[in-house]
Amino acid sequence: MRGFLESEEADFLRWLKKLTFARLELMTRDDIYVSALWGACEALRAGVTCVADASDGAFESMTALRDVGLRGTVFQESFGPDPNLAADNFAKLKSKVLRLRELETALVRPGVSPHAPYSVCASQLRLISEFALGERLPLMMHAAESLAEEMFLREGRGTFAEGLANREIEWRAPGISTIEYLKRHGVLETHPLLAHCIRVDASDIETIKETGSRIAHCPKSNAKLGHGRAPLVAFLRKEIAVGLGSDSVASNNNCDLLEEARFAVLLARSERDESANQNMLSATDALYAATTGGARALGLEGQVGELREGMQADFAVVALSRTHQLPCYDPADTLIFASSGRDVVLTVVAGREVYRESRITTIDEERVRGRMQEISFKLRTHM
């Protein structure tokens with residue numbers, strides 16, 4: 001979907017509809033697998049060793065991660081705004097998760113993802129949350145992402161409310177924030193990974209902290225779709241587990257953790273209140289979010305995210321001697337402010353070299369590249 005949705009970005013509902021139609025109606029299961037494999041290759045080339053991937057095609061994503069040698073959690077998405085279909089949708093989710101369990105390894109594990117408050121009804125949220133707790137499955141959800149979502153929950157109006165009305169699905173707005181809504185229906189009991197968290201206030205942030213919820217901060221996607229800026233500094237001050245996310249190349253256009261980290265710092269600094277004598281976010285803060293913070297957000301602290309005896313050997317080597325990087329006075333500053341994923345020379349996952357000297361060592365990239373060209377041609381000619 002990279003570059004496929006540019007003309008729809010001003011209208012989030014149209015963006016979602018075009019993405020969903022292309023994925024469900026035009027793409028085969030093999031297309032989805034190949035796309036996931038290509039994304040995994042991009043991640044490894046950029047020095048990313050571990051991902052959280054929420055996908056309706058979770059089986060294909062999980063298979064791709066296994067094949068390429070990337071560590072990750074793959075969250076099986078669930079949709080269903082109609083309460084009358086909640087039990088059926090939940091049964092389908094359980095069946096899919098059972099299949100994913102067969103793919104689980106020391107590196108790759110399944111999770112569940114009720115997609116968003118506007119696409120999953122309250123009863124289905126409760127069922128999935130209880131299932132996640134009972135099966136010890138990690139849970140991820142898009143939350144507090146847009147004004148449309150906030151209007152949907154607080155006032156019962158806007159594009160999402162109109163969409164339900166057009167489908168004759170009854171909706172009564174609870175009149176509360178997304179975070180309070182998720183707490184009311186048991187989602188926060190799972191210590192979920194919440195993507196975005198843009199439309200949050202001080203009370204919401206305190207609730208996130210108190211419930212041990214975690215945040216995937218996606219600054220580039222948030223900005224590209226025009227949704228706004230999440231209060232990263234406030235999250236860090238509260239010592240909430242925050243990692244960096246891309247929200248996928250459909251709304252970001254690349255999977256480059258260093259670029260995401262730089263954008264996060266610069267965006268936070270642009271909103272800094274100089275009169276309040278606030279400390280500026282530093283390169284070290286961003287590096288922490290990209291490594292240890294990401295591990296905490298995924299519930300993998302103590303396993304990855306640090307170079308320390310007893311931890312898994314997940315790491316990347318980044319060149320710091322190229323033209324755009326020299327002189328280098330401080331490695332962290334050079335890494336965040338002058339480097340990108342293109343400067344990565346080695347990626348290691350669990351002690352295994354999976355990317356070295358411009359080559360993925362585990363799969364035939366050229367074959368995948370050819371299939372990607374075929375898939376993009378199909379989408380271009382059918383839309």
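**A parallel sheet and two loop residues**

Serine 213 is found in the loop that runs between helix H9 (202-210) and strand S6. In this predicted model, serine 213 has a relative accessibility of 3%, and because buried means under 20%, serine 213 counts as buried. Its surroundings can be listed. Leaving aside residues up to four places away in sequence, serine 213 touches Leu188, His191, Pro192, Leu194, Ile208 and Ile240. In addition, the side chain of serine 213 is joined to the side chain of threonine 211 by a polar contact of 2.8 Å.

From this loop the chain leads into S6, and strand S6 (residues 214-217) pairs with strand S5 (residues 193-196) in the parallel sense, over 3 bridges. Within this pair, alanine 195 stands opposite alanine 216 of S6. In general, the strands of a sheet pair through backbone hydrogen bonds, either parallel or antiparallel.

The wider arrangement is an open sheet of 4 strands, paired in parallel and ordered S4-S5-S6-S7. Strand S4 (140-143) and strand S7 (242-244) stand at the edges; each has a single partner strand, so one side of each is left without a neighbour in the sheet. From one strand to the next, the twist averages 30°.

A second loop residue may now be considered. Arginine 342 lies between helix H15 (331-338) and strand S9 (344-349). Is this residue buried or exposed? Its relative accessibility is 67%, and since exposed means over 50%, arginine 342 counts as exposed. Arginine 342 and alanine 46 are 296 residues apart in sequence, while in space their C-alpha atoms are 6.2 Å apart.

Technical notes
Residues numbered from 1 in each chain as written. Predicted model: local features only at pLDDT ≥ 70, side-chain atom pairs only at ≥ 80, totals over all residues. Heavy atoms only, no water. Pairing = 2+ DSSP bridges. Axes fitted to C-alpha atoms, helices over the stretch in contact; angles between N-to-C directions. Buried < 20%, exposed > 50% of the residue type's maximum accessible area, 1.4 Å probe, protein only. Polar contact = N/O pair within 3.5 Å; in protein donor to acceptor, adjacent residues only side chain to side chain. Contact = heavy atoms within 4.5 Å.
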